[in-house]
There are 2 protein chains.
Amino acid sequence: MTDLNVHPDLSLEFRSSVSMFATGVAIVSNTLDDAQVYGMTINSLTSICLTPPTLMISLKEGVMLDQVLKTRQFGVSILSKNQKDVSNNYSRKEKDAAYEKHFIVREKIPTLQDCLSWFECEVVKVDQYEDHTLVFGEVKACGVDNSAISPLLFFSSNYHFDPRPLN
Amino acid sequence: MTDLNVHPDLSLEFRSSVSMFATGVAIVSNTLDDAQVYGMTINSLTSICLTPPTLMISLKEGVMLDQVLKTRQFGVSILSKNQKDVSNNYSRKEKDAAYEKHFIVREKIPTLQDCLSWFECEVVKVDQYEDHTLVFGEVKACGVDNSAISPLLFFSSNYHFDPRPLN
């Protein structure tokens with residue numbers, strides 16, 4: 001459904017306006033029969049509730065969504081400033097398979113070996129909104145790998161790093 | 001529903017792990033009969049889709065949720081590094097009413113006069129997940145106020161600012 005009442009410039013204006021909301025950068029990961037790790041870069045990761053611990057990701061049609069719906073599970077790895085190349089690789093349509101060696105299975109689902117923190121999620125709810133599928137994952141295992149490294153940030157359509165604490 | 005299978009330490013671990021995902025800071029705003037501006041600080045703001053432009057916020061029970069459901073609309077203002085006091089004010093249970101003078105009505109809904117960007121949203125979908133209500137708002141008006149000021153960031157349970165561009 002396309003809302004014909006949307007001002008023609010509104011979508012463009014929305015894109016700029018929403019880019020002012022800074023986010024971290026994360027990799028959603030999945031595997032089918034342990035044969036190959038599928039990864040996808042996202043900068044929209046929503047913490048839905050603490051009890052039970054639940055994350056929401058939003059996916060468009062594609063291989064990752066198919067995998068997540070088929071396996072009913074997914075991993076999430078939050079990137080540090082040293083992982084811009086990982087982010088770029090998994091943003092591309094043609095991924096470099098060499099990056100697969102950076103994933104390890106901590107409990108059940110592959111997540112990145114070096115990251116700020118990681119999550120293994122089981123799909124508990126799926127919802128559709130226009131062209132996006134909202135996937136709710138209950139976190140079955142998670143952990144902080146590195147809390148001392150600066151996060152990779154996305155703000156104003158560009159990568160950023162090294163934010164300073166504000167006391 | 002409390003999942004009794006959740007490891008007792010998992011909620012704590014989740015809290016630390018998810019705090020590694022950096023976010024901006026925003027104020028949700030609303031008014032009833034233009035009498036008083038209600039504001040609430042959030043750091044979870046999800047861009048759901050571009051066409052039509054749609055944001056999702058997640059609210060617990062309280063005055064803000066009641067107002068949003070009653071008026072079927074809400075505003076969102078994204079904060080700059082100079083607005084830590086605004087964030088603190090609208091995080092508190094007892095808000096200082098003096099901050100209401102910082103809101104203006106651009107089209108229909110009050111948003112902050114000085115912010116990085118602002119949005120006026122009409123509620124198009126409401127969903128419940130455990131103790132949180134997910135509110136989907138179609139953006140009817142929005143704009144960038146300041147793109148040159150550093151954003152206020154929340155990372156590792158602390159405010160941050162001045163992230164550097166990473167080329």
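**Strand β5 of chain A**

I looked first at the side chains of β5(A), where A:T54, A:M56 and A:S58 point one way and A:L55, A:I57 and A:L59 point the other way, and where all are buried (a residue being buried if 20 or more other C-beta atoms lie within 10 Å of its own, exposed if 12 or fewer, and partly exposed in between, with C-beta atoms placed from the backbone). I note that this is a predicted model, in which local features need pLDDT of at least 70, side-chain atom pairs count only at pLDDT 80 or more, and totals for chains, interfaces and linings use all residues. For my bookkeeping, residues are numbered from 1 along each chain as its sequence is written, while chains are lettered from A and ligands numbered from 1 in the order in which they are written.

Because six of the six residues of β5(A), residues 54–59, are buried, I recorded this strand as largely enclosed by the rest of the structure. Strands here are DSSP runs of E with at least two residues, numbered from the N terminus.

**Its pairing partners**

I then looked up what lies beside β5(A), taking two strands as paired if DSSP finds at least two bridges between them. Strand β4 of chain A, residues 45–49, pairs with β5(A) in the antiparallel sense over four bridges, and A:C49 has A:T54 as its bridge partner in β5(A). The connection from β4(A) to β5(A) is a hairpin through four residues. I also found that β5(A) runs antiparallel to strand β10 of chain A, residues 132–144, with six bridges joining them; here A:M56 is bridged to A:F136 in β10(A).

**Backbone entries**

Before listing the next items I reminded myself that most residues other than glycine have a negative phi, and that most peptide bonds are trans.

In the loop between β4 and β5 of chain A I located A:P52, which is joined to A:T51 by a cis peptide bond with omega of about -5°. In chain B I found a cis peptide bond between B:T51 and B:P52, again with omega of about -5°, and B:P52 is in the loop between β4 (45–49) and β5 (54–59) of that chain.

I next checked A:S156, which has a positive phi of about 55° although it is not a glycine, and which sits in the loop between β11 (153–155) and β12 (158–161) of chain A. This residue counts as partly exposed because it has 17 C-beta neighbours inside 10 Å.

My last entry is A:D162, a residue other than glycine whose phi is positive, near 50°, and whose place is in the loop between β12 and β13 (164–165) of chain A. A:D162 has 13 C-beta neighbours inside 10 Å, so I entered it as partly exposed.
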